[in-house]
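Please look at the model below before reading the report, and keep it in view while you work through the text.

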Amino acid sequence: MNVRVLGCSGAISSGGEDAGDPGGTTALLVDHDIMIDAGTGVAVLSDDELARIDHVFLTHSHLDHLAFLPLMIDAVGDARDAPLTVHASRATLDILQAHIFNNLIWPDFTRIPSPDAPGVRFEAFETGERFMLDGRTVTALPARHTVPSMGFAVSSAQGCLAFSGDTTTNPAFWAAVCVLPGLRHVIVETAFPDAQIALAHAAHHYCPTLIADDLRGVQMNAELLISHLKPPHGAQILKELRAALPHVSLRALRAGEVLTL
Ligand SMILES: [Zn+2]
Ligand SMILES: [Zn+2]
């Protein structure tokens with residue numbers, strides 16, 4: 001199983017800072033057919049690569065995680081003979097239907113080209129549930145954000161990768177993650193530096209101090225890959241994480257890298 005990082009930035013940015021290369025906003029491609037989130041990182045995919053994606057799992061409804069989903073559904077319609085399946089919590093799917101696929105912001109592709117053969121179908125997927133496809137398993141993990149949110153674990157026979165999605169203080173995520181068999185990598189968001197801890201609390205994101213608090217006492221033999229860095233603060237956030245977690249292997253996740261499991 002290959003997990004290709006299409007984008008992992010906390011905002012669109014032309015780069016120029018030294019915290020890796022986060023690319024566009026969040027999107028991860030698992031092999032050729034499963035995508036996790038559909039932020040602006042999706043723009044690096046070719047038409048053929050886009051058309052081969054059968055399943056999209058969404059952590060939550062914020063634009064930086066789904067901006068390219070409506071455009072992608074429209075773009076691949078002629079090249080596909082089956083609808084794209086979007087897996088997300090019922091609460092997130094209801095938000096998508098009401099606020100995006102509402103024939104105002106974007107056509108309701110759950111009913112066009114026709115209700116019998118639509119461009120997209122929605123499948124509710126709740127925390128704790130599993131989805132299995134061709135030797136790979138996606139498991140929904142708990143998250144705590146300003147809107148209904150979840151993380152995901154993706155695993156194959158060779159190993160497991162966990163992804164926090166957008167979250168703030170979240171002991172339930174780490175309790176679920178540290179017992180995952182074959183855990184190799186944890187992609188965890190850290191949107192803000194400690195100087196913005198008030199903003200981290202208000203926006204329900206992590207800052208280094210909040211992650212260090214959550215990891216106290218957690219036994220885990222996996223590499224932390226830091227995502228969702230807000231571009232002007234990337235280097236500072238990493239410096240603070242390394243100081244707060246001196247015994248943890250961590251680095252910035254980079255757009256374009258492929259994690260093989
Ligand atoms: Zn968010
Ligand atoms: Zn986000």
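The report that follows goes through a metal site, a residue beside it, the aromatic rings and the cysteines.

## The zinc site

The structure is a predicted model, and the values given here are computed from it. The zinc ion (ligand 2) is held by the protein donors Asp-64 (OD), His-65 (NE2), Asp-166 (OD) and His-228 (NE2), which lie 2.1 to 2.2 Å from the ion. Along the sequence these donor residues follow the spacing D-H-x100-D-x61-H. His-65 lies in helix 2 (residues 63-66), whereas His-228 lies in the loop between strand 14 (223-227) and helix 8 (234-244), so the pair ties together parts that are 163 residues apart in sequence. His-65 is buried, with a relative accessible area of 0%, and His-228 is buried as well, with a relative accessible area of 2%.

The angles among the 4 donor atoms of the zinc ion (ligand 2) run from 90 to 166°, and the site is classed as irregular. A four-donor site counts as tetrahedral if all angles lie between 85 and 135 degrees, and the upper value of 166° does not fit that range. The zinc ion (ligand 1) is 3.5 Å from the zinc ion (ligand 2), and Asp-166 coordinates both ions.

Thr-26, in strand 2 (residues 23-30), touches several of the zinc donors: its contacts include Asp-64, His-65 and His-228. Other residues in contact with Thr-26 include Gly-7, Cys-8, Ser-9 and Phe-163. Thr-26 counts as buried, at 5% relative accessibility.

## Aromatic rings

How many aromatic pairs does the structure hold? There are 7 aromatic pairs, and one of them is formed by Phe-101 and Phe-122, whose rings are edge-to-face, with 6.0 Å from centre to centre and 65° between the planes. This pair links distant parts of the chain, since Phe-101 is in the loop between helix 4 (90-99) and strand 6 (113-114), while Phe-122 is in strand 8 (residues 120-124), 21 residues apart. The rings of Trp-106 and Phe-109 have centres 6.5 Å apart and planes at 35°, so this pair is tilted. In addition, ring pairs link Phe-57, Phe-125, Phe-131 and Phe-152 into a cluster.

The table gives the accessibility of the residues in the two pairs described above.

| Residue | Relative accessible area | Class |
|---|---|---|
| Phe-101 | 1% | buried |
| Phe-122 | 18% | buried |
| Trp-106 | 22% | partly exposed |
| Phe-109 | 9% | buried |

Trp-106 is described as partly exposed because its 22% is not under the 20% limit for a buried residue and not over 50%.

## Cysteines

A search of the whole structure finds 0 disulfides. For Cys-160, the closest cysteine sulfur is in Cys-178, 12 Å away, which is too far for a bond; Cys-160 itself counts as buried, at 1% relative accessibility. Cys-207 is likewise in no disulfide, and the nearest cysteine sulfur, that of Cys-8, is 19 Å away.

Where in the chain is Cys-207 found? Cys-207 sits in the loop between helix 6 (197-203) and helix 7 (208-215), and at 0% relative accessibility it counts as buried. Leaving aside residues up to four places away in sequence, Cys-207 touches Thr-190, Phe-192, Pro-193, Asp-194, Ile-197 and Ala-200. The C-alpha atoms of Cys-207 and Phe-192 are separated by 4.9 Å, although the two residues are 15 residues apart along the chain.

Note on methods
Residues are numbered from 1 along each chain as its sequence is written. Chains are lettered from A and ligands numbered from 1 in the order in which they are written. This is a predicted model: local features need pLDDT of at least 70, side-chain atom pairs count only at pLDDT 80 or more; totals for chains, interfaces and linings use all residues. Side-chain values use heavy atoms; hydrogens and water are left out. Donors are N, O and S atoms within 2.8 Å of the metal (3.2 Å for Na, K and Ca); water is not among the atoms, so sites may look incomplete. Four donors count as tetrahedral if all angles lie between 85 and 135 degrees; four count as square planar and six as octahedral if opposite donors are over 155 degrees apart and all others between 65 and 115; anything else is irregular. Helices (H or I, at least four residues) and strands (E, at least two) are DSSP runs, numbered from the N terminus. Buried means under 20% relative accessible area, exposed over 50%, partly exposed in between (1.4 Å probe, protein chains only). Contact means heavy atoms within 4.5 Å. Rings of Phe, Tyr and Trp (its six-membered ring) pair if their centres lie within 6.5 Å; planes under 30 degrees apart count as stacked, over 60 as edge-to-face and the rest as tilted. A disulfide is a pair of cysteine sulfur atoms within 2.5 Å.
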